[in-house]
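This report looks at a few local features of one protein chain: backbone geometry, the packing of two helices, and the surroundings of one side chain.

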Amino acid sequence: MHPSTRVADLLGLLMVLQNEFKGKTDLYELGNKLEVELDDFLPSVYTANELGFVVIGAGDIIITDRGLDFLNSNLRKRKEIIKTSLGRIEPFKTAKELKKFSLKELNDRLVQKGIMDYNSTEGLHQLEILLNEWGIYSGFLKRNEHYIVE
């Protein structure tokens, strides 16, 4: 999951894909409609793909039934859909294995698995943003002095 992707970015991507393109289009056409460069919105596309909200292939992006369910749901249901999806993708998959952890403990375990994305001062900051933006927002995580998987 790309740390720069926000929940609002994901929702906007799905809304434009469904409302402007009836759920399927070429990635370049989508970028033109969003008025952004492909590189700027690809992190949101990849996150949507990892969560199972879209499929991508041969330059096309197609919204899935899960993506439509997310798009058409209320806030509580959207959080629930994200929560059930996070445990399958990193770094949340490793967080789920640890159950209770500090930011450093999670990063150390990720490094043991060969995931080096967060192994710097900036990387740790990005990891913290990711855990808060997605994990705490969705209810997947709670936090006191440690993060705790719910």
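## Two positive phi values

The model is predicted, and the account can begin with Lys22, which counts as exposed at a relative accessibility of 72%. Lys22 sits in the loop that runs between helix H1 (7-21) and strand S1 (24-26), and its phi is near 55 degrees, a positive value in a residue other than glycine.

Lys99 likewise is not a glycine and has a positive phi, about 70 degrees. The loop that holds Lys99 lies between H6 and strand S4 (100-101), and Lys99 is exposed, its relative accessible area being 55%. As background, most residues other than glycine have a negative phi.

## A cis peptide bond

The peptide bond that joins Glu90 and Pro91 is cis, with an omega of about 5 degrees. Pro91 belongs to the loop between helix H5 (75-86) and helix H6 (92-98). For context, most peptide bonds are trans.

## Packing of H1 and H2

Two packed helices are described by the angle between their axes and by the distance between the axes. For H1 and helix H2 (residues 27-34), the angle is about 105 degrees and the axes are 11 Å apart. Because angles of 65 to 115 degrees count as roughly perpendicular, H1 and H2 are described as roughly perpendicular to each other.

On the H1 side, the contact is made by Leu13, Val16, Leu17, Glu20 and Phe21, while H2 contributes Glu29, Leu30, Lys33 and Leu34. By class, the residues of this contact between H1 and H2 comprise 6 nonpolar and 3 charged, with no polar ones.

## The surroundings of Thr5

Is Thr5, in the segment before H1, buried or exposed? With a relative accessibility of 1%, Thr5 counts as buried, since the cut-off for a buried residue is under 20% relative accessible area.

The side chain of Thr5 has polar partners of two kinds, one a backbone atom and the other a side chain. A polar atom of the Thr5 side chain lies 3.2 Å from the backbone oxygen of Pro43, and the Thr5 side chain also makes a polar contact, at 3.3 Å, with the side chain of Thr47. When neighbours within four places in sequence are left aside, the residues in contact with Thr5 are Pro43, Ser44, Thr47, Glu133 and Trp134, so that Pro43 and Thr47 appear both in this list and as the polar partners of the Thr5 side chain, under a contact criterion of heavy atoms within 4.5 Å.

How values were computed:
Residues are numbered from 1 along each chain as its sequence is written. This is a predicted model: local features need pLDDT of at least 70, side-chain atom pairs count only at pLDDT 80 or more; totals for chains, interfaces and linings use all residues. Side-chain values use heavy atoms; hydrogens and water are left out. Helices (H or I, at least four residues) and strands (E, at least two) are DSSP runs, numbered from the N terminus. Buried means under 20% relative accessible area, exposed over 50%, partly exposed in between (1.4 Å probe, protein chains only). Axes are lines fitted to C-alpha atoms, for helices over the stretch in contact, and angles run from 0 to 180 degrees between N-to-C directions. Angles under 35 degrees count as roughly parallel, over 145 as roughly antiparallel, 65 to 115 as roughly perpendicular and the rest as oblique. Ala, Val, Leu, Ile, Met, Phe, Trp, Tyr, Cys and Pro count as nonpolar, Asp, Glu, Lys and Arg as charged, and the others, Gly among them, as polar. A polar contact is a pair of N or O atoms within 3.5 Å; within protein, one must be able to donate a hydrogen and the other to accept it, and residues adjacent in sequence count only if both atoms are side-chain atoms.
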